Amino acid sequence: MGKPDETFAAFNRSFDFDIRLFEADVHASIAHAHGLQGAGVLTEKEAALVTGSLRTLLLLAKEDPDYMILDSEDVHSFIESRLVELVGDLGKKLHTGRSRNDQVSTAFRLWLRDEVTQLQRDIRSLQSALVAAAERHEKAVLPGYTHLQRAQPLMWAHWCLAYFEMLERDINRLSDTSKRVNILPLGSAALAGTSFAIDREAVAKELGFQGVAQNSLDAVSDRDFAIEFAGACSLIMVHLSRLAEDLIIYASTEFGFIYLSDAVSTGSSLMPQKKNPDALELVRGKAGRVFGHHAALLATMKGLPLAYNKDMQEDKQAVFDCLDTTQICLSVTGIVLGHLSVNETRSREAATKGYLNATELADYLVKKGVPFRTAHDMTGRIVLAAIEKGRELHELRPEEFHEFSNQIGPDVFQALSLEHTVGSKSQTGGTSPARVAEAIKQAKAKLNG
Ligand code: ARG
């Protein structure tokens with residue numbers, strides 16, 4: 001082989017980023033050395049020397065940050081060359097029955113498996129912050145919206161727990177993704193499998209993989225696990241972005257339901273009255289970046305012939321950035337929630353203005369025997385009349401109700417009250433304070449379980 005062009009060499013190099021796989025690749029290499037020992041390629045003594053030296057590499061890297069000189073093409077060639085420095089030609093035996101194609105996928109999966117577990121912990125922390133925010137304002141009520149039009153009143157805690165549920169699905173999705181991450185490709189070699197009698201099950205067991213890839217050609221070509229992970233991160237970001245959007249709106253002067261602390265907002269350089277929700281806007285903005293990585297991975301893979309192609313080296317930065325971005329956004333969102341407070345007077349006032357109890361009036365009529373469609377119609381006409389009078393439904397006089405129906409009695413005022421409007425939504429999943437208190441209890445049990 002001739003010398004590579006310098007620009008190409010730099011272009012080809014992945015060590016600046018796949019350095020993150022260092023520990024995972026060393027552990028996978030140790031397991032491979034044991035596999036080679038079992039296959040009779042390495043004697044017991046040789047295997048001990050190789051694995052001992054690989055452990056030395058871990059120590060050297062930990063002690064001296066400058067040890068990781070970026071002179072290699074990638075983390076795999078770095079580890080191999082440092083091993084050869086330590087044990088000479090014996091180190092060159094380690095790559096028997098292995099290709100960088102099954103090696104990279106093994107290290108990547110090993111690394112990702114542990115990161116997924118950490119990410120799930122980070123999601124749990126945000127769920128705790130949501131429960132804490134719910135409990136800090138357990139009595140707070142705010143308007144709920146559809147089409148961004150005031151719809152029906154909700155408990156603030158119900159809003160918090162809506163996001164708790166989304167994050168719960170995210171945790172489950174990551175667990176499901178993990179099942180496919182946690183499969184051992186090593187032993188597939190370049191693409192056709194290996195002729196050395198390596199006990200792949202034993203290697204898998206040593207590395208804590210749940211199974212062994214069943215087709216060597218698929219094993220080295222497969223990046224489904226990376227795409228799935230980016231997809232799972234994308235959905236987490238969808239949830240964080242919607243949460244951010246809700247809070248940005250609620251913090252505006254027009255809504256004024258919440259205060260964001262100075263700790264997570266900025267002033268304007270020009271307009272002294274402003275408090276900009278930068279933290280939340282960045283979370284919302286970074287969602288697009290994670291979706292981009294997901295789309296990029298799909299596009300990178302779609303036209304690739306089997307098996308490995310260098311295009312696939314692009315998977316690392318995409319996945320790394322999905323992880324880092326999602327992680328920091330989970331953490332910052334938790335900080336924002338920890339600092340915010342609800343303006344309970346203002347949000348309650350908003351929840352009692354704008355005919356949010358119109359459905360209550362229709363339901364009241366239904367309970368008096370009026371068919372729902374008719375009740376809905378009649379309520380519409382009553383609301384129109386109330387708008388004309390410039391009053392809310394509960395501000396109408398009994399006679400004014402009677403003009404529409406003599407089935408409306410004085411008990412209508414109790415039905416239209418905020419307490420009844422919210423309190424009556426008492427079925428599973430509803431926003432009544434009793435239900436919400438129960439839901440908080442269940443959420444806490446999940447957090448402690
Ligand atoms: N750095 C490469 C990657 O990340 C490792 C695999 C290289 N394999 C090869 N045949 N060139 O994909």
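This note walks through selected features of a predicted model, point by point.

1. **Helix 13 and its buried side.** Start with helix 13, which spans residues 344-351. Three of its residues, S347, A350 and A351, are buried. They cover an arc of only 100° around the axis, so they sit on the same side of helix 13. What lies over them? The cover for the buried residues of helix 13 includes strand 1 (141-146) and strand 2 (149-155). Strand 6 (341-342) and helix 18 (418-423) are also among the covering elements.

2. **A salt bridge from helix 13 to helix 18.** R348 pairs with E419 in a salt bridge, and the closest N and O atoms are 3.1 Å apart. R348 belongs to helix 13 and E419 to helix 18, so the pair ties together parts that are 71 residues apart in sequence. R348 is partly exposed, at 32% relative accessible area. E419 is exposed, at 53%. Helix 18 therefore appears twice in this picture: it helps cover the buried residues of helix 13, and its E419 bonds to R348 of helix 13.

3. **Salt bridges around E400.** The whole structure holds 29 salt bridges. One of them joins K389 and E400, with 3.3 Å between the closest N and O atoms. K389 lies in helix 15 (residues 372-389) and E400 in helix 16 (residues 398-402), so this pair ties together parts that are eleven residues apart in sequence. E400 also meets R397 in a salt bridge, at 3.6 Å from N to O. The network of salt bridges takes in K389, R391, R397, E399 and E400.

4. **Exposure within that network.** Is E400 buried or exposed? E400 counts as buried, because its relative accessibility is 6% and the limit for buried is under 20%. Its partners differ in class from it: K389 is partly exposed at 38%, and R397 is partly exposed at 44%.

5. **Aromatic pairs.** How many aromatic pairs does the model contain? The count is 15. In one of them, the rings of W156 and W159 have centres 4.9 Å apart and planes at 15°, so the pair is stacked. Both residues lie in helix 7 (residues 156-181). They are three residues apart, about one turn of the helix. Both are buried.

6. **The aromatic cluster.** The two tryptophans also belong to a wider group. Ring pairs link W156 and W159 with Y145, Y163, Y250, F255 and F257 into a cluster.

7. **A nonpolar patch on the surface.** L191, L217 and L306 form a nonpolar surface patch. Together they have about 270 Å² of accessible area. L306 is exposed, with a relative accessible area of 62%. It sits in the loop between helix 11 (278-302) and helix 12 (315-339).

8. **A cis peptide bond in the same loop.** L306 deserves a second look. A cis peptide bond joins L306 to A307, with omega at about 5°. A307 is likewise found in the loop between helix 11 and helix 12. L306 is thus both a member of the nonpolar patch and a partner in the cis bond.

9. **Two positive phi values.** Which residues other than glycine have a positive phi? H147 and A189 are two to check, each with phi near 55°. H147 is in the loop between strand 1 and strand 2. A189 is in the loop between strand 3 (183-184) and helix 8 (200-207). H147 counts as exposed at 75% relative accessibility, whereas A189 is buried at 10%.

10. **T117 and L174.** T117 lies in helix 6 (residues 100-136). It counts as partly exposed, at 35% relative accessibility. T117 and L174 are 57 residues apart in sequence, yet their C-alpha atoms are 8.4 Å apart in space.

Definitions and conventions:
Residues are numbered from 1 along each chain as its sequence is written. This is a predicted model: local features need pLDDT of at least 70, side-chain atom pairs count only at pLDDT 80 or more; totals for chains, interfaces and linings use all residues. Side-chain values use heavy atoms; hydrogens and water are left out. Patches are made of residues with over 30% relative accessible area and no salt bridge: like charges are joined within 9 Å, nonpolar side chains (Val, Leu, Ile, Met, Phe, Trp, Tyr) within 5 Å. Accessible areas come from the Shrake-Rupley method with a 1.4 Å probe; for residues, only the protein chains shown count as cover. A salt bridge is a side-chain nitrogen of Lys or Arg within 4 Å of a carboxyl oxygen of Asp or Glu. Helices (H or I, at least four residues) and strands (E, at least two) are DSSP runs, numbered from the N terminus. Buried means under 20% relative accessible area, exposed over 50%, partly exposed in between (1.4 Å probe, protein chains only). The arc is that of the directions from the helix axis to the C-beta atoms. Contact means heavy atoms within 4.5 Å. Rings of Phe, Tyr and Trp (its six-membered ring) pair if their centres lie within 6.5 Å; planes under 30 degrees apart count as stacked, over 60 as edge-to-face and the rest as tilted.
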